[in-house]
Amino acid sequence: MNILVTGGSGFIGSNLVELLLNKTKVEKVINVDCLTYASSKTNDREFHDNPKYFFERIDIRETRAIIDVINRFRVDNVFHLAAESHVDNSINNPFPFVQSNCVGTMSVLEASRVTGIKKFINVSTDEVYGALGEEGKFSENSPIDPSSPYSSTKASADLIVASYVKTHSFPAITTRCSNNYGPKQHVEKFIPKVINNIYYDEKIPVYGDGKNIRDWIYVGDHCRALWKIFTSGETGEVYNIGANTEKTNLQIIQQICRLMKVKSKDHIDFVTDRLGHDYRYAIDNSKLRNLGWESMYNFSQGIKKTVNWYIDKF
Ligand code: NAD
């Protein structure tokens with residue numbers, strides 16, 4: 001297989017490329033990324049000399065350039081991850097989100113359709129379902145009800161993909177994962193920011209009362225789930241990905257403070273809540289587990305590995 005990964009210089013993309021390069025069935029992995037501020041040139045440190053790995057600096061909106069890559073490398077399968085991904089930025093300036101997440105997805109999809117790609121994995125997010133109250137979980141049949149400009153552009157991309165499945169019998173699968181944590185995430189995101197601010201003895205800004213709940217998954221488990229869905233999932237379907245790990249933001253901070261041996265009350269700075277801040281996300285992952293996937297890391301193991309990775313990097 002020759003696999004095109006979009007967004008392979010970002011957080012999840014670079015972890016996914018590493019996993020794919022270790023698969024014997026995979027001959028080439030081509031990372032297409034335009035290297036926005038969210039990417040890192042060092043995210044490919046572990047594999048940039050791997051003879052199976054190729055990098056193309058391209059904006060995914062350039063459909064002709066994507067078609068050229070697919071033809072040149074005889075790409076047969078696509079994992080589409082490239083996106084603007086930070087909710088706060090989408091509230092301040094949504095335009096790049098519509099460009100990369102909607103127009104960009106349309107472009108990669110059309111390039112994949114005209115070249116006859118065998119399977120297209122559209123990596124989406126549980127945020128397309130909006131927020132939950134105290135009870136319940138998101139299933140694949142939950143209504144699409146996004147709250148932020150970020151999640152609404154991801155939901156739009158999902159609908160465009162779904163229309164290709166219906167109209168063209170296009171072989172796409174959409175995945176909707178919960179919040180990821182792990183090595184190589186940009187420091188603007190919650191968990192790296194907590195680790196960074198404790199390390200540099202700065203305050204940790206916490207939105208509202210810090211009681212918002214997210215369902216966390218270690219990035220390596222997300223990537224293993226993507227591979228499982230790619231190899232065993234049904235085209236045209238949607239699969240939720242989550243590891244049944246609901247935690248409030250305050251619980252996360254307290255756990256990281258314990259690991260870094262500081263007192264959380266000395267570091268927390270409660271700030272005005274994010275506009276449209278979703279209260280709770282939780283994933284029903286039974287459809288994915290029916291394919292034979294289970295998470296390998298519990299939160300204590302994953303967060304320890306993550307904290308150690310950032311401390312080594314600082
Ligand atoms: P990220 O911001 O770390 O990485 C995104 C990558 O996409 C970057 O390398 C960036 O340079 C690239 N990119 C952005 N716009 C591009 C464009 N127009 N052309 C080419 N490259 C472009 O994001 P991430 O956290 O790794 O997320 C990857 C995907 O997974 C996204 O689609 C996101 O919506 C989805 N997702 C993320 C999470 C999470 O918790 N991080 C959870 C569920 C789903």
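What volume does the second largest pocket have? About 310 Å³, and we'll get there after the ligand.

Before you click, note that this is a predicted model, where local features need pLDDT of at least 70, side-chain atom pairs count only at pLDDT 80 or more, and totals for chains, interfaces and linings use all residues. Residues are numbered from 1 along each chain as its sequence is written, and side-chain values use heavy atoms, with hydrogens and water left out.

**Stop one: the ligand.** Select the 28 residues around the ligand (a heavy atom within 4 Å); I12, D33, S85, Y150 and K154 come nearest. Now show D33: an N or O atom in its side chain is 2.6 Å from a ligand oxygen. Add L81, where a backbone N or O atom lies 2.8 Å from an oxygen atom of the ligand. The protein covers 97% of the 830 Å² of accessible area that the ligand has on its own (Shrake-Rupley, 1.4 Å probe).

Colour β5 (119–125) next: this strand (a DSSP run of E, at least two residues) gives the largest share of the shell, three residues.

**Stop two: the second largest pocket.** A pocket here is an open set of points on a 1 Å grid over the protein atoms alone, where a 1.4 Å probe fits, with protein on both sides within 12 Å along at least five of seven lines. Its volume is the space filled by probe spheres set on the points, joined across faces, edges and corners. Select the 17 lining residues (an atom within 4 Å of a point); N15, E18, Y218, V219 and G220 lie nearest the centre. Finish on α7, a helix (a DSSP run of H or I, at least four residues) that gives the most to this lining, with five residues.

Notes. A polar contact is a pair of N or O atoms within 3.5 Å; within protein, one must be able to donate a hydrogen and the other to accept it, and residues adjacent in sequence count only if both atoms are side-chain atoms.
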